[in-house]
Amino acid sequence: MLFNMFFSDVVNSLQSRPRLFADDLALEVPGVGPDDVDAKSVILQRDLNKIARWCRKWQLSPEPSKTNLLLVTRSRVVRQAAEGLELSLCGEPVAFKDKAR
């Protein structure tokens with residue numbers, strides 16, 4: 001609860017849909033079609049940059065190695081459009097995963 005209150009200023013400024021659980025954060029960008037992949041990835045990268053700036057401001061160290069990108073779709077066309085996406089957190093690449101833990 002305390003973390004959510006502390007973190008709310010950055011979460012409220014995000015364009016994607018934030019999902020908080022304990023001290024974990026998931027960012028959701030719904031409605032991605034093959035033509036939207038680039039625009040949605042820009043939104044995600046902007047939000048990751050905001051989170052990185054917020055962490056620097058409060059002298060927190062996020063774990064880029066624990067940050068993953070999960071694409072949830074049945075569409076092969078969307079998957080193909082998303083191949084090669086490169087997102088980063090604090091200068092470290094965000095890994096593409098096939099499933100969430």
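In this predicted model, a polar contact of 2.5 Å joins the side chains of S16 and D47. The two partners come from separate parts of the fold, since S16 lies in the loop between α1 and β1, whereas D47 lies in helix α2. Neither residue is open to the surroundings: S16 has a relative accessible area of 5% and is buried, and D47, with a relative accessible area of 0%, is buried as well. Both values can be read against the limit used here, in which a residue counts as buried when its relative accessible area is under 20%.

The surroundings of this pair can be described from either side. When neighbours within four places in sequence are left aside, S16 is in contact with L27, E28, V29, I43, L44 and D47. Under the corresponding restriction, the contacts of D47 are with L14, Q15, S16 and L27, and L27 therefore appears in the contact lists of both residues, where contact means heavy atoms within 4.5 Å. A further spatial relation involves V10, which is 37 residues away from D47 along the chain, while the C-alpha atoms of the two are separated by 9.1 Å.

Helix α2 also holds S41, which counts as buried at 11% relative accessibility. The side chain of S41 reaches the backbone oxygen of D38 at a distance of 2.7 Å. If residues up to four places away in sequence are not counted, S41 touches L85 and L87, and L87 is itself one of the members of the largest nonpolar core.

That core comprises eight residues in all, namely V29, L44, L48, A52, L69, L87, L89 and V94. Helix α2 gives the most to this core, with three residues. Apart from it lies another core, of seven residues, among them V10, V11, L14 and W54. In soluble globular proteins, nonpolar side chains tend to be buried together. Within the largest core, L89 offers an example of how a single member is surrounded: with residues up to four places away in sequence not counted, L89 touches L48, A52, P62, P64, T67 and V94. Of these, L48, A52 and V94 are listed as members of the largest core.

The model further contains a pocket, the largest, with a volume of about 1700 Å³. This pocket is lined by 46 residues, and those that lie nearest its centre are L25, A26, L27, T67 and N68. Two or more lining residues are given by each of the elements α1 (2-11), β1 (17-21), β2 (24-28), α2 (37-57), β3 (68-70), α3 (76-82) and β6 (95-97). The largest share of the lining, eight residues, comes from α2. By residue class, the lining of the largest pocket divides into 30 nonpolar, six polar and 10 charged residues.

Two residues stand out for their backbone geometry. Most residues other than glycine have a negative phi, and most peptide bonds are trans. Against this background, Q59 has a phi near 55 degrees, a positive value in a residue other than glycine, and C90, which is not a glycine, has a positive phi of about 55 degrees. Q59 lies in the loop between α2 and β3 and is exposed, with a relative accessible area of 73%. C90 is placed in the loop between β4 (88-89) and β5 (92-93) and, at 39% relative accessibility, counts as partly exposed.

The loop between α2 and β3 also holds S61, which counts as exposed at 66% relative accessibility. S61 and C90 are 29 residues apart along the chain, and their C-alpha atoms are separated by 9.2 Å. On the other side of the loop that holds C90, strand β5 contains E92, a residue that counts as partly exposed at 44% relative accessibility. Leaving aside neighbours within four places in sequence, E92 is in contact with P64 and L87. E92 and R56, finally, are 36 residues apart in sequence and 15 Å apart in space, C-alpha to C-alpha.

How values were computed: Residues are numbered from 1 along each chain as its sequence is written. This is a predicted model: local features need pLDDT of at least 70, side-chain atom pairs count only at pLDDT 80 or more; totals for chains, interfaces and linings use all residues. Side-chain values use heavy atoms; hydrogens and water are left out. On a 1 Å grid over the protein atoms alone, a cavity is a set of points where a 1.4 Å probe fits but cannot get out, and a pocket is an open set with protein on both sides within 12 Å along at least five of seven lines; lining residues have an atom within 4 Å of a point. Grid points are joined across faces, edges and corners, and a volume is the space filled by probe spheres set on the points. Helices (H or I, at least four residues) and strands (E, at least two) are DSSP runs, numbered from the N terminus. Ala, Val, Leu, Ile, Met, Phe, Trp, Tyr, Cys and Pro count as nonpolar, Asp, Glu, Lys and Arg as charged, and the others, Gly among them, as polar. Buried means under 20% relative accessible area, exposed over 50%, partly exposed in between (1.4 Å probe, protein chains only). A nonpolar core is a set of buried Ala, Val, Leu, Ile, Met, Phe, Trp, Tyr and Cys residues joined through side-chain atoms within 4.5 Å. A polar contact is a pair of N or O atoms within 3.5 Å; within protein, one must be able to donate a hydrogen and the other to accept it, and residues adjacent in sequence count only if both atoms are side-chain atoms.
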